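Me: I'm new to this one and would like a close look at a single part of it. Could you walk me through the charged side chains and how they pair up, or don't?

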Amino acid sequence: MKSTVGTSLLLLLIFATLTYCLDARLQVCQPSGKIRGIKPPPGQCNTENDSDCCKQGKMYITYKCSPTVTGNTKAVLTLNSFEKGGDGGGPSECDHQYHSDDTPVVALSTGWYSGGDRCLNYITISANGRSVKAKVVDECDSTMGCDDEHDYQPPCPNNIVDASKAVWKALGIPEGDWGDYDITWSDA
């Protein structure tokens, strides 16, 4: 009986360890919380490129993670201006500079931005039968929003590649389709 209990405990321990390891590898990004929207002061939310402004009382989901990066990571391409006065807000996080809309640059959702680990590195974005390399210069914050620092815009979803006009043009996406577009991307 002693060996049966010992064997059962050993098997239970092995099963628990395998389950933990499998769960860690197949980890899914779950929401980390919510924030309540506030009404932006007049003229304080830049709606260039169809950017959303926070709505008073609306609850917005936040994330500290993004889906796992693969060689073909699915994402949504959004349009952003990284120029001074553009809807991207202040200077880019990676280099504290503004960037021309004619330069292929992107901001990544918080989890993919990875605390700046991808700063100034290139990613390859593919869609519409084409690919383009773009430099990561900013974070599209998935953890915060609806405040002055975030131009009173909601938090980014966790699967966003927020791109300059140059990226959209290089992918040959017709301007009428600019806004939200399904893409794949990988580290270059």
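How many salt bridges does a search of the whole structure find?

Reply: Just one: a search of the whole structure turns up one salt bridge. Keep in mind that this is a predicted model. The partners are Arg118 and Asp187, whose side chains meet at 2.7 Å, N to O. This pair ties together distant parts of the chain, since the two residues are 69 residues apart. Arg118 sits in the loop between α2 (110-113) and β5 (122-127), while Asp187 belongs to strand β8 (residues 180-187). Their surroundings are worth a look too. Arg118 has 15% relative accessibility, so it counts as buried. Asp187 comes out at 40%, and therefore counts as partly exposed. As background, side chains of opposite charge can pair when their charged atoms come close.

To place all this, it helps to step back to the whole chain for a moment. It has three helices and eight strands, and from the N terminus on they run α-β-β-β-β-α-β-β-β-α-β. Of its 188 residues, 40% count as buried.

Now for an acidic residue that goes without such a partner. Asp95 is in the loop between β3 (73-79) and β4 (105-109). This residue is buried, yet it has no salt bridge. The nearest side chain of opposite charge is that of Lys135, 5.9 Å away; a salt bridge needs the nitrogen and the carboxyl oxygen within 4 Å, which is why this pair isn't one. Asp95 does have other polar company, though. Its side chain makes a polar contact of 2.9 Å with the side chain of His99. A polar atom of the Asp95 side chain also lies 3.1 Å from the backbone nitrogen of Gln97.

Then have a look at the surface, where Asp50, Asp52, Asp180 and Asp182 gather in a patch of negative charge. Take Asp52 as one of the group: you'll find it in the loop between β1 (33-36) and β2 (59-62). With a relative accessible area of 54%, Asp52 is exposed, whereas Asp95 is buried.

So, if you want a path to follow on screen, start with Arg118 and Asp187 in their salt bridge, move on to Asp95 and its contact with His99, and finish at the negative patch that includes Asp52.

Definitions and conventions
Residues numbered from 1 in each chain as written. Predicted model: local features only at pLDDT ≥ 70, side-chain atom pairs only at ≥ 80, totals over all residues. Heavy atoms only, no water. Helix = DSSP H or I, 4+ residues; strand = E, 2+ residues; numbered from the N terminus. Buried < 20%, exposed > 50% of the residue type's maximum accessible area, 1.4 Å probe, protein only. Lys, Arg positive; Asp, Glu negative; His and termini not counted. Polar contact = N/O pair within 3.5 Å; in protein donor to acceptor, adjacent residues only side chain to side chain. Patch = residues over 30% accessible without salt bridge, like charges linked within 9 Å, V, L, I, M, F, W, Y side chains within 5 Å. Areas by Shrake-Rupley, 256 points an atom, 1.4 Å probe, with all protein chains shown as cover. Charge placed at Lys NZ, Arg CZ, Asp CG, Glu CD.
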